[in-house]
Amino acid sequence: MAALEVEGLARHYGEREALSDVSLSLEAARTLVVFGPNGAGKTTLLRVLATLLRPHAGAVRVLGSSLPDDAWAVRGRIGLLAHEPLLYRELTARENLRFHARLHDVAEERVEEVLEAVAISARASEPLRNLSRGMVQRVAVARAVLHDPELLLLDEPYANLDPAAIELVEPLIGAASGRTRVVCSHDPGGGLAEADLVLGLRAGRTVLLRDAAAVQPGEIAELYR
Amino acid sequence: MRRTVGALLRKELLVELRTLESVPGMSLFAVTTFVVFHFALNRNSVDGDLASGILWVTLLFAAILGINRLFVADAEEGGFDGFLLAPVDRSAMLVAKVLTLLAYLVVLEIVAVPAFALLLLGPSLAGAMPGLLVTLALGDLGVAVIGTLVAALAVQTRARDLLGPLLALPLLVPIVIGGARATSPLLALSHPTGAPARWLLTLGLYDLVFGLIAYALFDFLLED
Amino acid sequence: MYGKGLRALSIATVAAMALALALVFFYAPLEAEQGFLQKIFYLHVPLAIVALCGFVLGGLLAIQHLRTREARWDMRSYVAIHMSLIFAVATLITGSIWAKGSWGHWWVWSEPTLVSFLIVFLLYATYQPLRFAIEDPERQSRYASVFAVTAGAFVPLNFIAVRLSTAYLHPRVLGSTSNLPGPMALTFVVSLAAMALLFATLCKYELTAKHTRAQVRALRRRLTGETGAPLRQRSAAPSLQPTAASAGSATGSGA
């Protein structure tokens, strides 16, 4: 069974259509990369899949549960890495992660494990407002994978990260993590390289949906024109 | 539920201890307001109705400061989303925030009530203490419940600093009525008596009804 | 379809208002103490009762909105509260006039009903600003409904609390209908019914106007595309999203 099944999804904000008639299907452990200019509906799609926004029309099944009615069953199996880190600036990385560990009923040892994995242990006792944006992004990665989610929803995950940091988080949120992934990207080359399936959005509508192998880089550049 | 409330409460107190944004401000505001009342009324001591009114209005306005800040960190730093992604009972947020606000109010009163007795109050507080504590506890509970509901309502709006107090004050009028009426005989200069049970009962019932309303409605403020 | 029955309702309202006024001026006896001024009672008290019931009704409709998530319930709740606010202003004005005439002051704190009414009015005065301050229409509707339910429950609670707090300084002969003499009671009941009809008619007019406007917009957007009707400005009033189907049926039904 597919990990993600979306059929005719629509979502609007008042009269403005953010998404209309989006359909796709993604197998487990595969990567969907979503391309599209700003305002194309990428973030809205991620938030719908994350159960944070209710779909207005269409059928959405995430990890076998249909949204929004059975959203409770998939919460805790999804890891979201959004634009905002979803962390408290006044708390340290360790305190933030411990808070999320308690919410997700994850053992405290796991906190140290992920802090180690994103190489932030040395500065885990400083309030986040003292850390650079790249470091905060690494803590956000740690937060997103803390509860070992089956599905990862990543909104431009590599923004603010230097090449060394990208290499660092790759085993956690990259294709090698073995998780089902939905990645929003602005980077045609890098995005295409990690994709199994490509979705191109423009003004909330699907303009491209194809296996990555059959997509030319030029087609992606065309989306932004 | 208990684990979630514990986690949220711990986070709230950690943030407050680190930033000291709410409680010290509320307490200082209350003490300053007593000084302002001294000059505005041009009186060195107050008792009875007037004392009880000054105490409750001051506590109420100090509470509004805390209410206005209650959800700001969650709304601005994505704490709501982080919470909503977890597989937990959403009412835990309501319970944790009510307890947080309640803790703020208790600390506020530990500072403000002695300051009031020292600066303005004519009669001694010694005999009034048990009655005053019960009245304050019931009043605080109501302020915490209504304050949390209103803060959650106002925090997602563009004019939250304005809308919070405008929404909260009318809803808190019955608390002021009950609290001030119950307190005024305690603070009378001659023949102080106990807090009338009628007013304590009114406060208790109001707390209960709004507790149920907040419990029923809070989830709708979280989802999107 | 929203205009259906509007004419019959309007005629019934006019007839009821005319009957009520006739009873007030030609049938109801002059009150011994207050004389002619007491006649404002037949306007003031029905206004107040209808406004308060309208507020509570707005809360009940809001519960329905929260349960079903259908925009039409939010629209009804909004119209009920909006109309009640107008009735509440009229209540406060007539109440002040009555207070000035019978007690010599424009405002009396010892009248618990008047004081509670003011508190309720002040609370509901924040309803429109609250809506206006939330941009996302769906969130606006949901938050407004949470407000409407809370405030609707607050109406009776507040009346109990304020009444408890106020000693009855003034004789409350006119406070309830139970001790009114027969002709006065009859006149009062007819006035109340007329006022309730007026409320219902005005609400129906507003709902019809809002639906018609939404349908016209939807049709215009369908005919001319996005350019024909620019996106709706931020507003305190709820928006309706008529589907293409409902916009289509509107053309068929004509009147």
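**Group meeting: a walk through chain A and its neighbours**

Let me open with contacts: in chain A, of those with a separation of 6 or more, 67% are between residues 24 or more positions apart. One caveat before I go on: this is a predicted model.

Okay, the overall picture. Chain A comes to 8 helices and 10 strands. Its radius of gyration is 17 Å, close to the 17 Å from the globule rule for 225 residues, so chain A is as compact as a globular protein of that length. If you lay a box along the principal axes, the C-alpha atoms of chain A fill roughly 45 × 40 × 35 Å. And 47% of the 225 residues in chain A are buried.

Now the sheet. In which order do the 4 strands of the open sheet in chain A sit? The order is 2-1-4-5, with antiparallel pairing. That puts strand 2 and strand 5 of chain A at the edges, and each has a single partner strand, so one side of each has no neighbour in the sheet. From one strand to the next, the twist averages 30 degrees.

Let's go across it pair by pair. As a reminder, strands of a sheet pair through backbone hydrogen bonds, parallel or antiparallel. Strand 1 of chain A, residues 4-13, pairs with strand 2 of chain A, residues 16-26, over 7 bridges in the antiparallel sense. If you want a residue pair to click on, A:Glu5 has A:Ser25 in strand 2 as its bridge partner. The hairpin of these two strands has 2 residues between the strands, and A:Gly14 there takes a positive phi near 65 degrees.

On to the next pair. Strand 1 of chain A is also antiparallel to strand 4 of chain A, residues 57-62, and 5 bridges pair them. Here the pair to look at is A:Leu4, which stands opposite A:Val62 in strand 4. Then strand 4 of chain A is joined to strand 5 of chain A by 3 bridges, again running antiparallel. A:Val60 has A:Leu67 in strand 5 as its bridge partner.

What lies across this sheet? Helix 1 of chain A, residues 42-49, lies across strands 1, 2 and 4 of chain A, and runs at about 60 degrees to strand 2.

Keep A:Leu67 on screen for a second. A cis peptide bond joins A:Leu67 and A:Pro68, with omega at about 0 degrees. A:Pro68 is found in the loop between strand 5, residues 65-67, and helix 2, residues 71-74, of chain A.

While we're on backbone oddities, there are two residues to show you. A:Leu86 is not a glycine, yet has a positive phi of about 55 degrees. You'll find A:Leu86 in the loop between strand 6 and helix 3 of chain A. Is A:Leu86 buried or exposed? It has 22 C-beta neighbours inside 10 Å, and buried takes 20 or more, so A:Leu86 counts as buried. The second is A:Asp105, with a positive phi near 60 degrees, also in a residue other than glycine. A:Asp105 sits in the loop between helix 3 and helix 4, residues 108-117, of chain A. With 14 C-beta neighbours inside 10 Å, A:Asp105 counts as partly exposed.

Next, the core. The largest nonpolar core has 209 residues, and those touching the most other members include A:Val34, A:Leu153, B:Val150 and B:Leu153. Helix 7 of chain B gives the most to this core, 15 residues. Take A:Leu153: leaving out residues up to four places away in sequence, its contacts include A:Leu46, A:Leu49, A:Ile78 and A:Val182.

Last topic, the interfaces. Between chains A and B, the contact takes 24 residues from chain A and 21 from chain B. On the chain A side, strand 6 (78-81) and helix 3 (93-103) are the elements giving two or more residues, and helix 3 gives the most, with 5. By class, that side has 15 nonpolar, 3 polar and 6 charged residues.

And between chains B and C, 24 residues come from chain B and 24 from chain C. On the chain B side, helix 7 (129-155), helix 8 (160-183) and helix 9 (197-222) each supply at least two residues. Which helix of chain B has the largest share? Helix 8 of chain B, with 10 residues. The side of chain B that touches chain C divides into 17 nonpolar, 4 polar and 3 charged.

That's it from me.

Technical notes. Residues are numbered from 1 along each chain as its sequence is written. Chains are lettered from A and ligands numbered from 1 in the order in which they are written. This is a predicted model: local features need pLDDT of at least 70, side-chain atom pairs count only at pLDDT 80 or more; totals for chains, interfaces and linings use all residues. Two strands pair if DSSP finds at least two bridges between them. Two residues are in contact if their C-beta atoms, placed from the backbone, lie within 7 Å. Ala, Val, Leu, Ile, Met, Phe, Trp, Tyr, Cys and Pro count as nonpolar, Asp, Glu, Lys and Arg as charged, and the others, Gly among them, as polar. The radius of gyration is taken over C-alpha atoms; the globule rule is 2.2 Å times the number of residues to the power 0.38. A residue is buried if 20 or more other C-beta atoms lie within 10 Å of its own, exposed if 12 or fewer, and partly exposed in between; C-beta atoms are placed from the backbone. A nonpolar core is a set of buried Ala, Val, Leu, Ile, Met, Phe, Trp, Tyr and Cys residues joined through C-beta atoms within 7 Å. Axes are lines fitted to C-alpha atoms, for helices over the stretch in contact, and angles run from 0 to 180 degrees between N-to-C directions.
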